[in-house]
Every structure is written in structure tokens, then in C-alpha cells.
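Here's a walk through a two-chain model, meant to be read with the structure open beside it. Let's start with the architecture and work towards the details.

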Amino acid sequence: MLARYRSRGRVGRIEEFWGFLLISPWVLGFLLFTAGPMLVSLYFSFTEYAFPLKPAWVGLANYVKAFAKDDLFGLSLWNTLYYVGVAVPLGICLSLILALLLDRKIPGRAVWRTIYYLPSIVPVVSATFLFLYIFQPDYGLINGWLWKLFEVEGPGWFNSRTWVKPTFILLALWSAGGPTMIILLAGLQNVPGEMYDAAKVDGAGRGRRFRHITLPLLSPTLFFVLITGLIAAFKIFGAVYVSTQGGPFYGSYFYVLHLFTQAFSHWQLGYASTLAWLLFIIVLVFTLIQFKFSGGWVHYEGETDNRAS
Amino acid sequence: MTAGDAATARGARSPIQAWDVFTNILTVVLAFMFGFPLFWAVSSALKLPIELNVIPPLWFPPAPRWSNFLEVNEVLPFFRFMGNTAVITVASTVGGVLTASLVAYGFSHFRFRGRQAIFILMLSTMMLPMEVTLIPTYLIFNELRMVDTFWPLFLPDWFGGGPFAIFLFRQFFLSIPRDLSDAAKIDGCHVMRFFRSILVPLSVPVMITLSILFFQGSWNELMRPLIYLTSMTNYTVSVGLMFLRTQILANVAQRGEPTEHLLMAGSVISMMPSLILFFILQRYFIRGVIMSGIKG
């Protein structure tokens, strides 16, 4: 390696100089806005830091506080796990259904695809207000329909402690279904049609073709949307902050809302940094667990060459 | 092929048709569920207060009240919020696309020590939640007296635009043969001329795709504007819309009539730029999503 650089001589050194110069914006940004802040926030997580006072070292006290004294930590983590655990699998199922519906010969395919995709480009604040209105318990459309069609008294949705999390899950399904569908659709179109024809000749029914051809070939794509969906869902914040603010009775008090409140309402930057690092660790552990189990169900075609693209 | 036809002929025809009918109905029902809320937002934004929550619901207001959109601006300086957001969005998009393409040029067309290691380090930062760096970054901008300015919201994008943008550009640049650039490596003028006159024109589709991703990220962002912008004249649309709701809720008691038409008008205004852009550049939106799926 080194020999090659030496032999390249002056031109090699010039090339090296330009290479470093061109990537220097990223290197600078990495030091300033990523690596530096990460180390600093790790340090803060071991301090009592009531901004604008100076941080004071307290060792592991913040971590002990999170697990032993702060009830809202456990509650917000539980709320978030509930949300992630339901919204992510349900969202993938919905997007898979949408993708399968569009992976057929149907008239107006582009139109349907646009309609499914459109909600995802609505800013999160607008989308949330739209749902607040439609799911308004007394005069909202949904409860009106429930009463008219089924004579069922609709729940309180955002105003009910038990229903608020499912309502946010519905919001997530509506606004994130489209992009995931697009990714899965791209994956589906890579499945060679001859495989289905061959399976049909062998007399495999619709269900078996789906289980034995579609799912295995789609599994790398499914794995990808599972991981990214998981990471995104853990960080739910905007929708909650502009609507329920964690209520009613902490029913929608999610993890990042707790972090945000500690940091920018109470200005407890030390404890908030602890919460940030715990979030990082929790998400990392979840991702690693998924990778660990992925060997059992994710099949890469050819195992070596096809995974690159 | 014939075996399949035979199977269909043997009486399996009707279940197959039933399945088609079922899936077609499902397609339409789901499209209704995805599309209807948007229709309802626009319809409500054009209503009079008394037309809002009537039974049965009024789908098309007989006399659309376009003035609602102006009335929103009287409650809060909403058009100013639009302008603010546009400035931030343009600044972050330009900076992100420009610096990402330069960094990617360095990673793809130049050999230097540790290139591979640095590149992998860069990719691994994709895993980092922004929440971990949030507080120290805030303190940096606070030290720089940049709180309550737009700087914290776009300046970080001028440092390479993030790992995904760099990755995407690099993948594209790698497909452009190196030997074209090898001859041009003697002095800086040539290095930059190759970039400007060959790489940039060729990568216009990638640039549009990435611009859309930057635009969406910037336009829809809530948490950082919430933290950094403290005076109302600086608010972005998202923050402004949030305050519009509080403002309206405070007024409801006095007025005694529903105000959802204003809230929906504000929501419609804030989603308009994305919608317009989407209908012009739909292809690139879709491509952006697919590309983000490919990076796995």
C-alpha cells in the first residue's frame, strides 16, 4: 500500500492533497457536530448540569436516577415500546399489502401509487392537526361515521388515556405507509416473473407462492424497512409535542418527549444527556438483536454477489 | 403455460375472479383512507365557521371562502413564517448538495491514505440518533450567539450534507471512469474543472433527488426550530402552525364558534409547497425513496 503511494511520486502526493482537501468539510463537520458533541454529551451524562450553572461531576447518579427514581423514565420507555412494537409491524404489513396491490396489472397504477404516497409529504404538524380534527370525539368525522354506520359510540381517541397510543399509531400508518410501500414495491419488481410461472406449473396456490417465493426474495428489503422503521419510531416526538404534549395522564408521554422536556423545559442538561445516551444504547441493542435474528429469516439471493445492490 | 390454463378451465375461474374483485375493492378502499383526510383538510379550509361541524358533514362548501387563507395571516404572520422557512430550506439544500458532491468527489476520484477507513467511519454515523448530539450542539450555537437566528438550522448541512447524501453522490461518481480525471490531476484548476464541467452536469438527476430530500427534511423539521428560534418573527411554518393552534384555542372561548377552518387553512398552506413540488418532480421523489431503500 505505502509502496504504491511512494512510487506515485509527485502526482500521487498532489492527488492525496486534493483528496484530503475535498473531504475536509465532512471531517471538520464530523469533529465539530458529531464526534465532539458525542464525547461532550457523554461527559455531561455523568454530571449535574442545571443550565446556565456549570456542570458538576456526579458519577453514575443520573443513570441510577433513571432506573431507580424517575418514574417517568420507565413510563415513557414503556409507552414508546408499546408504540414501536405495534406501529412498526403493523406499518410493514400495511405497506406490504399496498405494494402487493400495486404489483398487479391494474388500470391507473400511477394514480393509486400517488394517492398512497401523498400523506407522507404532509408536514408532521399539519398531519397531526388533520387527525386531531377528524378524530375529534364529539364532532369529528370518524366518530360520526361510527355512530351512523354501526351505532357505536366512538372512543375519545386523542382525549382518552387508553386510546391515545393507538391513535398515534393510526397517524403513523397513514403518514409513513407510502414510502415503505415504494421501497417494497421496488423489491417486488426484482422478483423474476419466471419463478411464479414455474410455481404455477407445479400447482402452487396463491398462498404458497407468496410464502415460498415472494417472502424469501423480499426478506432483505423487509429487513431493511424493519430496521429503519424501528429507529424512526423510537424517536416519535413532533406529532405528540404539538397535540397532546404527552397526555392525557401521560398516556402518550414518549421517550424523546421526556428527553426534550428535561433538556429544554427544565434545563437539566446533565440528566437529559443521560437519557440521550440511554436512547442511543437502547436503539443500538434493538438493532443488534434484529441483526442477530435476521439469519433465520432473511435470505440473500446467491449470498455473495447480489446483496451489493 | 397450458397446464396453468387447464387448471383455470377446470372450474377455478370463479374464485380467481372473486379474488380480483376483492383486491380491486381493497385498492379503492385503501386509496379512500389515504386520500380522504387531505380532501377533508382542503374542504374544511374553505368553509364558514357555521358550515364546519354540521350533521351530515358538508363535503363541498357552496361558496368556498378563499379569504380564510388571508385571515390566517391576520392571526399570526403566517406568510412571514413561510418566507423564513424558505430561506432556511434553500440555504440547507444548497449547502448540503454542494458540499456533499465535493466530499463525494474526494472519496470517489482520489486515492489517499485511510480513505476506506474514513469512508466507513462516515457511513457508520448514519446510525447515530441526532438526540445524542443535540445538547452540546445547542451549547456551541449558544456560545456563538446564534440562538434565535437561522444559522443553527442550516450551517451543519454545509459540512458535507450528511452521510447519506455523500454516499449517494459517491455511488454515482464511481460510475464515471477515473481515467478521464487522471490526466486532469496535475493542478487544482484541472481538478475543479473536471468536477464542474463533467461531474456536475452528469449528476443533475442525483442532485434533484437529493435536493428534494433536503427540502423535505428542512421544511418539515420541528424539533430544532423549536429549540433555536425564540422570537416569533423568526418562526418557521411548523412552529408557527403550532402556535396558531394555541392562539386559536385561546380565541375560541371569546368567539364561541368553531375555528377549525383557520387551523385547516394554515395546515393546507404549510403543505402546499411540498405538494406543488411533488406534482412537478414526482419521479424524483419516488427515486429518492427507492435510493434510500437501496443503501441497506
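A quick word on terms: helices here are DSSP runs of H or I with at least four residues, strands are runs of E with at least two, and both are numbered from the N terminus. Keep in mind too that this is a predicted model.

With that in hand, chain A reads α-β-β-α-α-α-α-α-α-α-α-α-α-α from the N terminus on. That's 12 helices and 2 strands. Chain B has 13 helices and 0 strands, so its string is α-α-α-α-α-α-α-α-α-α-α-α-α, by the DSSP runs described above.

**Overall build**

How does chain A measure up against a compact globule of 309 residues? Such a globule would have a radius of gyration near 19 Å, but chain A has 25 Å. Along its principal axes, the C-alpha trace of chain A spans about 70 × 65 × 35 Å.

The domain assignment splits chain A into domain 1 (1–39) and domain 2 (70–297). Their C-alpha centres lie 40 Å apart. Chain B is split as well, into domain 1 (2–45) and domain 2 (71–294). Where those two domains of chain B touch, domain 1 gives 4 residues and domain 2 gives 6 residues. On the domain 1 side of that contact you'll find 3 nonpolar residues, 1 polar and no charged.

Here are a few figures for each chain:

| Chain | Residues | Buried | Share of contacts (at least 6 apart in sequence) that join residues at least 24 apart |
|---|---|---|---|
| Chain A | 309 residues | 40% buried | 67% of contacts |
| Chain B | 296 residues | 42% buried | 77% of contacts |

**Where the chains meet**

How many residues of each chain take part in the contact between chain A and chain B? On chain A there are 70, and they meet 71 residues of chain B. Helix 1 (residues 2–44) of chain A supplies the largest share of the chain A side, with 22 residues. Sorted by class, that side of chain A has 54 nonpolar, 11 polar and 5 charged residues.

**The core**

In soluble globular proteins, nonpolar side chains tend to be buried together. In this model, the largest nonpolar core has 146 residues. The residues with the most contacts inside that core come from both chains: Leu259(A) and Ala276(A), along with Val103(B), Ile166(B), Phe169(B) and Leu210(B).

Ile166(B) is a good one to click on. Setting aside neighbours within four places in sequence, Ile166(B) is in contact with Trp26(A) from the other chain. Within chain B, its contacts include Val103(B), Ala104(B), Phe107(B) and Met122(B).

**Helix 12 of chain A**

Ala276(A), one of those core residues, is also among the buried residues of helix 12 of chain A. Others in that set include Leu269(A), Tyr271(A), Trp277(A), Leu279(A) and Val283(A). Does the helix run straight or bent? The span is what can be checked: at 1.5 Å a residue, the 29 residues of helix 12 (residues 269–297) should cover 42 Å, and the end C-alpha atoms are 42 Å apart, which agrees.

**A buried aspartate in chain B**

Asp157(B) sits in the loop between helix 6 (151–154) and helix 7 (163–174) of chain B. Is Asp157(B) buried or exposed? Asp157(B) counts as buried because 26 other C-beta atoms lie within 10 Å, and the cut-off for that is 20 or more. Not counting residues up to four places away in sequence, Asp157(B) touches Ser92(B), Gly95(B) and Gly96(B).

**Backbone oddities in chain A**

Two cis peptide bonds deserve a look. One joins Phe51(A) and Pro52(A), with omega about 5°, and Pro52(A) lies in the loop between strand 1 (47–48) and strand 2 (56–57). Another runs from Gly247(A) to Pro248(A), with omega near -10°; Pro248(A) is in the loop between helix 10 (238–242) and helix 11 (255–264).

That loop between helix 10 and helix 11 also holds Tyr250(A), which has a positive phi of about 65° although it is not a glycine. With 18 C-beta neighbours inside 10 Å, Tyr250(A) counts as partly exposed. Trp267(A), in the loop between helix 11 and helix 12, has a positive phi too, near 55°. Trp267(A) is partly exposed, with 13 other C-beta atoms within 10 Å.

Notes. Residues numbered from 1 in each chain as written. Chains lettered and ligands numbered in written order. Predicted model: local features only at pLDDT ≥ 70, side-chain atom pairs only at ≥ 80, totals over all residues. Contact = placed C-beta atoms within 7 Å. Nonpolar A, V, L, I, M, F, W, Y, C, P; charged D, E, K, R; others polar. Domains from an automatic or database assignment. Core = buried A, V, L, I, M, F, W, Y, C linked by C-beta atoms within 7 Å. Buried ≥ 20, exposed ≤ 12 C-beta atoms within 10 Å, placed from the backbone. Expected span 1.5 Å × (residues − 1). Rg over C-alpha atoms; globule rule 2.2 N^0.38 Å.
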